Amino acid sequence: MSLGQYAPEGTRLDKQGTYETLDSLYAAQAAGTIIEGIAVCCDPEHNLVVELDGRRGIIPRTECAIGIESGETREIAILSRVGKPVCFVITHIDENGMLLSRRLAQERARAWLLANLQPGDVVPACVTHLEPFGAFVDIGCGVVSFIGIENISVSRIFHPRERFHCGQMIYAAVLGIDPALRRVHLTHRELLGTWEENAGKFHAGETVRGIVRSIEDYGIFIELAPNLSGLAERRHGLREGDHVSVYIKSILPERMKIKLTIIDCLRRPAGPPQAPDYFIQSGHIDTWVYTPACCKTKYIATEFIGLA
């Protein structure tokens, strides 16, 4: 689903027109256009200074984000925007400069999102903050939503940083909408493919890379892809998070299992995690079934209908 003018911050700078003349600024003010600029600094009173096509404007502290004035939003939400794109509307222009409001842009975006999004809609999002329990993402003009760690991928992880990094653009699906709390809840794993779609990228007899995700008495679960794991026999000295090479012994859709043999322990790659390999990047999902049709031992699915 395209969010248009309510897209996440950081998506407008290369697409919006220029605002080098006063006439263009007055026109944007009259139209209430949501514009994007770079926050170049935050003054001692926590007002943001924003640069737009060679001109500078001020976002007063209470206009920097929804909830700042009430204390619901912490001051770090202002400080952390320095050096990054911020969206805003122009509220005043005079010989001394421009006054801007990010809060008004966010309120418009939040109202539009709550009125137009439905469970199952696929939307773009920008990762803003990672915690052990999940990822916070911008789904429109700095409006924050949340993806719980259990909804990031089918394969278990111990921290969202194993999948995402701050500033990364991703896709997510709307899991539910809470009008009373004015929140949109998201999920991510459904966009990364079913068991069959992921298993189709591998073949018995191959040796591939994997990540140790869980060490159990009966074996070691190795992640081959974010939505696909296989089981190998226990091997001494391995820890969760280790990178290994594994030989694929067999792929069994009827049991939703992949049997592996660990070949060697590998060096962990440096840098941020690899970008997700999405099977779905747009549109709408009513029902997502992870389990192969031939498998009768386990059933994993998400029903988006009726979650509103």
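A residue is called buried when its relative accessible area is under 20%, exposed when that area is over 50%, and partly exposed in between. The exercises below concern a predicted model.

**Exercise 1.** Determine what percentage of the residues in the protein is buried, and describe the overall make-up of the protein.

*Solution.* Begin with the chain: the protein has 308 residues, and buried residues make up 45% of them. Next, consider the secondary structure, which comprises 4 helices and 17 strands. Finally, the C-alpha atoms fill a box of roughly 75 × 40 × 35 Å, taken along the principal axes.

**Exercise 2.** Identify the sense in which strand β10 pairs with β8 and the sense in which it pairs with β9.

*Solution.* First, locate strand β10 at residues 183-187 and strand β8 at residues 143-148; these two pair in the parallel sense over 2 bridges. Within this pairing, Phe146 has His185 of β10 as its bridge partner. Second, turn to strand β9, residues 169-178, which runs antiparallel to β10 and is joined to it by 5 bridges. Here Leu186 in β10 stands opposite Val174. Third, examine the connection: β9 and β10 form a hairpin with 4 residues between them, and Arg182 in the turn has a positive phi of about 55°.

**Exercise 3.** Classify Lys249 as buried, partly exposed or exposed, and state which surface patch contains this residue.

*Solution.* Start with the position: Lys249 lies in strand β14, which spans residues 243-252. Its relative accessibility is 41%, so Lys249 counts as partly exposed. As a last step, note that Lys249 forms a positive surface patch together with Arg255, Lys257, Lys259 and Lys298.

Technical notes. Residues numbered from 1 in each chain as written. Predicted model: local features only at pLDDT ≥ 70, side-chain atom pairs only at ≥ 80, totals over all residues. Heavy atoms only, no water. Patch = residues over 30% accessible without salt bridge, like charges linked within 9 Å, V, L, I, M, F, W, Y side chains within 5 Å. Areas by Shrake-Rupley, 256 points an atom, 1.4 Å probe, with all protein chains shown as cover. Salt bridge = Lys/Arg side-chain N within 4 Å of Asp/Glu carboxyl O. Lys, Arg positive; Asp, Glu negative; His and termini not counted. Charge placed at Lys NZ, Arg CZ, Asp CG, Glu CD. Buried < 20%, exposed > 50% of the residue type's maximum accessible area, 1.4 Å probe, protein only. Pairing = 2+ DSSP bridges.
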